[in-house]
Amino acid sequence: MPKKDKKRHSICMVSDFFYPNMGGVESHIFQLSQCLLELSHKVVVITHMYNNRNGVRYMTNGLKVYYIPLVPFYNQCVLPTVLTTLPIIRDILIREQITIVHGHSAFSVLAEETLYHAKLLGLKLVYTDHSLFGFADASSILTNKLLECGMSISDHVICVSNTCRENTFLRANIKDPRKISVIPNAVDSSIFTPEPNTAPFNRIVIVVVSRLVYRKGTDLLIGIIPEICKKYPNVDFLIAGSGPKMVLIEEIKDRYKLHDRVTLLGSIPNQEVRNCLVKGHIFLNTSLTEAFCIAILEAASCGLQVVSTKVGGIPEILPNSMITLCEPSVSDLITKVEFAIKRIKTGDKIDSFMMHEEIRKMYNWRDVAKRTEKVYNLISEMNEKNSLIDKIIRYFKLF
Amino acid sequence: MKKQQGTGNQKYRQNTWTKKLFIRHPYPDNYVDKKTFLSLKRVNVNARLYTYSEAVLYSGLLLQQLSAVVVFVFIYVYLRNNLVKIENLAYFVTIPTFILAYLSKLIAIKQTLIETKKDLGNVLKFVLFTYGLSPILNSLTESISSDTIYALVALMLIVNLIFYDYDSSEATIASKTFSFNAALFACVCLASRFENSSFHTFTLLILAFMIFALFPEYRRYIENHYPNSIGIVTFICFFICLTLMCSINICMSLHFDYTSDEKKNNSWSLG
């Protein structure tokens, strides 16, 4: 049977968050683009300028990145003026003969604007949402309305977990839940390999790698450090990352005299994260809200025991044998961390290399790219009514 | 031979759809499971629904503060028009009210002797301080015209009503200190109209403290501990206010006459 001609798409990834910034969304876009290039599609990335990084650059495997000359205005996003980005985006989309525009992250102003411009040019749109949002306060209400505008014109929406899908469905008032696909993130397991001999033999090290902000539950962390250090004299903490709550951790160190038990590494570059992770036995994640936590996957891939709060999409990521879930309160966290410590002491845990193998099979970027390709194939076959009167009707349905 | 990536472990394959992301199932990515989709959605969990009687009764809190403000203004008007002698006001209204209120506090809350002593010490400090300051405050607004003063007083008392902390909830604009400061500003403006005698200023200031600082706390205590009595308290406040109002004919008091001699008995005026 002859192989069906695979359709080759010209994809444009748009977001305010890309290299040289490092983070979840950035690495998602990069890895996905690389795997799509491997599947012989054409991928182009559009983002704003970073300091002096301006113009067209080429990354691995010929990934073309357009750093548009727009200065980031607030929170790494550009100033939301819909019309000033139109000329340059239209120019790029026509020159590269793009057929599908893929926007990332609800916070990204550039992605929203490009979606509007691409719709004007009659292209197909996909939007990926990476975060969970509330409904109650003023900023949420406004952002959700903007999101509703953006999602009403998208042809398909991708969410990184089932919880994220339900959240996006409610936030953006989407009419048909089948418009949302769940394609989880993945982890590059070739980088995050375990190395059991690096971690100290006679002590148990708990690693925390996160931004130290309220959202990531740093207050819970501050609550458990003194208790655990008091109860278990051979347990140390290794904290990487910085943020506004760093001073509170230093305060705890001073107050309980834990200078040799708690190590604060500050902000570490992305290439050092793996080396930091293998120095520990347990990975602790105390986020108060999280759509999908790649850090947990990275830690599990390095063979660490994972203890995490049961929020957002975290219960969906790993089987119960690899992760210990707890309620987001100090007392329950302490109980579960003690449980993990006991498991390490008695040796009752999965072998690091076996865990790494399982994660490698469960989550990988090539699989994500294949599923995304299915979404692209689905929308390129859709023939939606796109005349002016339909657009006007859809616009009025928003308000 | 390298194992093909992405086929997934046999352990994590199943035929039914599940919410876990690491399990391979034959359903497409945008499959919606009718049973579990939005099963955890909760609507209006923290919504507080008020009954009609609750709403009406608690709106009396607004009326209580309003009548306190109005009572204070009327006491000023009475003093200005010499309808009441200052000595009567001081000795037969202010002091007995204070003593009665304090006794009721002692009965309601069992205080130790030390706390009572501290309370009385504070009262003494306040009284002496005000007594010392009243000659200065006396002539504070001598050169300012009555119109300005009255406009300012009205504005400040409106600010007091707007920013007053009615329900001790987390309303954004409610601020105890701000409303009290505005009321005190209004009171100092009014009290300084009595250039001739500092005793007037002193009494009015003490009254202002009682009406705008102590009385709200009193009301709040009653509201918290005896919530059924809000209606009664509202009625009492309103009744006092009404009694004072009926003794002055409102129409005539709107007749501004700067040239009129205040000693004339038949001309009531605000000025």
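Biologist: How many residues does the contact take from chain A and from chain B?

Modeller: In this predicted model, contact is counted where heavy atoms lie within 4.5 Å. On that basis, the contact takes 31 residues from chain A and 22 residues from chain B.

Biologist: Which residues of chain A lose the most area to chain B?

Modeller: The area buried between chain A and chain B is about 2400 Å², and carbon and sulfur atoms give 51% of that area. On the chain A side, 25% of what is buried comes together from three residues, and those that lose the most are A:Arg165, A:Glu166 and A:Lys361.

Biologist: Which residue of chain B forms a salt bridge with A:Glu166?

Modeller: Between chain A and chain B the count is three salt bridges. In one of them the closest N and O atoms are 3.7 Å apart, which lies within the 4 Å cut-off. The partner of A:Glu166 in this salt bridge is B:Lys19.

Biologist: Within chain A, which residue of strand E15 is the bridge partner of A:Phe283?

Modeller: Strand E14(A), residues 282-285, has both faces covered, with A:Phe283 and A:Asn285 buried on one side and A:Ile282 and A:Leu284 buried on the other. Two bridges join E14(A) to the parallel strand E11(A), where A:Val207 stands opposite A:Phe283. Four bridges join E14(A) to strand E15(A), residues 305-309, and these two also run parallel. In E15(A), the bridge partner of A:Phe283 is A:Val306.

Biologist: Is the crossover from E14(A) to E15(A) right-handed or left-handed?

Modeller: The chain leaves E14(A) and passes through helix H9(A), residues 294-301, before entering E15(A). This β-α-β crossover is right-handed.

How values were computed: Residues numbered from 1 in each chain as written. Chains lettered and ligands numbered in written order. Predicted model: local features only at pLDDT ≥ 70, side-chain atom pairs only at ≥ 80, totals over all residues. Heavy atoms only, no water. Buried < 20%, exposed > 50% of the residue type's maximum accessible area, 1.4 Å probe, protein only. Pairing = 2+ DSSP bridges. Right-handed = clockwise from strand over helix to strand, strands pointing away. Buried area = accessible area lost by both parts, 1.4 Å probe. Salt bridge = Lys/Arg side-chain N within 4 Å of Asp/Glu carboxyl O.
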